[in-house]
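The following exercises are to be worked with the sequence and the coordinates at hand. Each task is followed by a solution in steps.

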Amino acid sequence: MRVRLIAFTAAGECVALRARDVLEGEDCAYERGFGEARRGLDAFAREGFDRADALVFVGATGIAVRAIAPYVRSKASDPAVVVIDETGTWCIPVLSGHLGGANALAIRLARGLGAQPVVTTATDIRGVWAPDSWAASRGFCVLEPERIRSVSSSLLAGAGATLFTDGAVEGAVPAGVSLTEERARAQVVVTPRALPQDGELACEPALHIVPRCVYVGIGCRRGASRAAIARAVECARELAGVPSRALAGAASIDLKADEEGLLSWARSAGLAIEFFAAERLARAEGSFSSSPFVESVTGVDCVCERAAACASGSGRLICRKQVLDGVTVALAASAFTCTFNNDAANRRG
């Protein structure tokens, strides 16, 4: 987590440095908001919203609110913002409590500082399951954050919510949540696959939570461009009905480890790419496409499908080899688990 801290007095600086120590192991940086070498508050907020996962202000809440106001956009993208008073008594999450992790960060800081967290989100103070907080804690993505309110309102009103997943379930589901095998009627759907269009649903559109568990296997001719690879991946993804947020990584054969178009595409997509030797690809378990020509060039009969299977660890292909402009693409999904803990942390995520 990239955390940026700022304080406005000498006393606040002591608290900020203690907070930085509490967050040992994270990418933390402290900047002084007072004195001759002070950091400009607007620049701190602007750059923090662009580059950080969390901003911690040690000082008055009003200072933090005014600083971040011009940059607040969406709960899906805004960083966590936490305010600590300069005596280190209170830790207050003021923005992105669930998806951004501000509530969890405030609680973590409070424990380390011996302070009191001041959490005001209704689901937390009522002990009700917060699907967005739960998703964030599991590394899952919420595709339609505007639908969170409907689910939370139902749970807060005591009406409960139904959940569908095509993954495994571990632990007791939270109070008020019931599992259903009918995806079209679920209020919360946890799947790496796209949902039906709104017009095809029998009820209000579901809150779609996406686990990152789909791996892209890629083969390409020498010198394939980033654009060509991007088009091929997009076509395969749309054919399989897989949202881009479900992608967890990419893979190919080690012969392609120096392909700039492939490397550039992976960087632009924000995906780590793994390269396997032909011998490892040949040992992949499953039924795969076969090409004598590919085998004569690479030493293995199919690169994209086998690479996707190796990267996913499961070999469960959800999109077999697709060919476009000299690029081959396949998708494989790893198993995922919806883990629920039977305690208060489960309710908060």
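Two strands are taken to pair if DSSP finds at least two bridges between them. The model is predicted, and its protein chain averages a pLDDT of 91, with 95% of the residues scoring at least 70.

**Exercise 1. Determine how strands β16 and β17 are joined, and state what phi Asp-325 takes in their hairpin.**

Solution.
Step 1. Strand β16 covers residues 316–324 and strand β17 covers residues 327–333.
Step 2. Six bridges join these strands, which run antiparallel. Because the criterion for pairing is at least two bridges, β16 and β17 pair.
Step 3. For one specific bridge, take Arg-316, whose partner in β17 is Ala-333.
Step 4. Two residues lie between the strands of this hairpin, and Asp-325 has a positive phi near 55°.

**Exercise 2. Describe the open sheet of six strands and the packing of helix α2 on the sheet.**

Solution.
Step 1. The strand order is β2-β1-β3-β4-β5-β6, and the pairing is mixed.
Step 2. The edges are formed by β2 (27–32) and β6, each of which pairs on one side only.
Step 3. Within the sheet, β1 (residues 2–7) and β3 (residues 54–58) pair in the parallel sense over five bridges. Arg-4 has Leu-55 as its bridge partner in β3.
Step 4. Helix α2 (residues 41–51) packs on the sheet and touches β1, β2, β3, β4 (80–84) and β5 (90–95). The direction of α2 makes about 155° with that of β3.

**Exercise 3. Classify the aromatic pair of Trp-129 and Phe-340, and place both residues in the chain.**

Solution.
Step 1. Ring centres must lie within 6.5 Å for a pair; by this rule the count comes to seven aromatic pairs.
Step 2. Trp-129 and Phe-340 are 6.1 Å apart, centre to centre, with 65° between the planes. Because planes over 60 degrees apart count as edge-to-face, this pair is edge-to-face.
Step 3. Trp-129 lies in the loop between α5 (122–125) and α6 (131–138), whereas Phe-340 lies in the loop between β18 (337–339) and α13 (344–348). The pair links distant parts of the chain, 211 residues apart.
Step 4. Both Trp-129 and Phe-340 are buried. Ring pairs link them with Trp-134, Phe-140 and Phe-336 into a cluster.
Step 5. Trp-134 is also one of the buried residues of α6, together with Pro-131, Asp-132, Ser-133 and Ala-135. Just after α6, Gly-139 takes a positive phi of about 80°.

**Exercise 4. Decide whether Glu-259 is buried or exposed, and identify the side chain with which Glu-259 makes a polar contact.**

Solution.
Step 1. Glu-259 is located in the loop between β14 (247–253) and α9 (260–269).
Step 2. Its relative accessibility is 3%. Because buried means under 20%, Glu-259 counts as buried.
Step 3. The side chains of Glu-259 and Arg-222 are joined by a polar contact of 2.8 Å.
Step 4. Beyond four places in sequence, Glu-259 touches Cys-220, Arg-221, Arg-222, Gly-223 and Ala-224.

**Exercise 5. Assess the exposure and the contacts of Val-118.**

Solution.
Step 1. Val-118 is placed in the loop between β6 (116–117) and α5.
Step 2. With a relative accessible area of 27%, Val-118 is partly exposed.
Step 3. Setting aside residues up to four places away in sequence, Val-118 touches Trp-90, Cys-91, Ile-92 and Pro-93.
Step 4. The C-alpha atoms of Val-118 and Ile-84 are 10.0 Å apart in space, while the two residues are 34 apart in sequence.

Notes: Residues numbered from 1 in each chain as written. Heavy atoms only, no water. Helix = DSSP H or I, 4+ residues; strand = E, 2+ residues; numbered from the N terminus. Phe/Tyr/Trp six-rings, centres within 6.5 Å; stacked < 30°, edge-to-face > 60°. Buried < 20%, exposed > 50% of the residue type's maximum accessible area, 1.4 Å probe, protein only. Contact = heavy atoms within 4.5 Å. pLDDT = per-residue confidence, 0-100. Axes fitted to C-alpha atoms, helices over the stretch in contact; angles between N-to-C directions. Polar contact = N/O pair within 3.5 Å; in protein donor to acceptor, adjacent residues only side chain to side chain.
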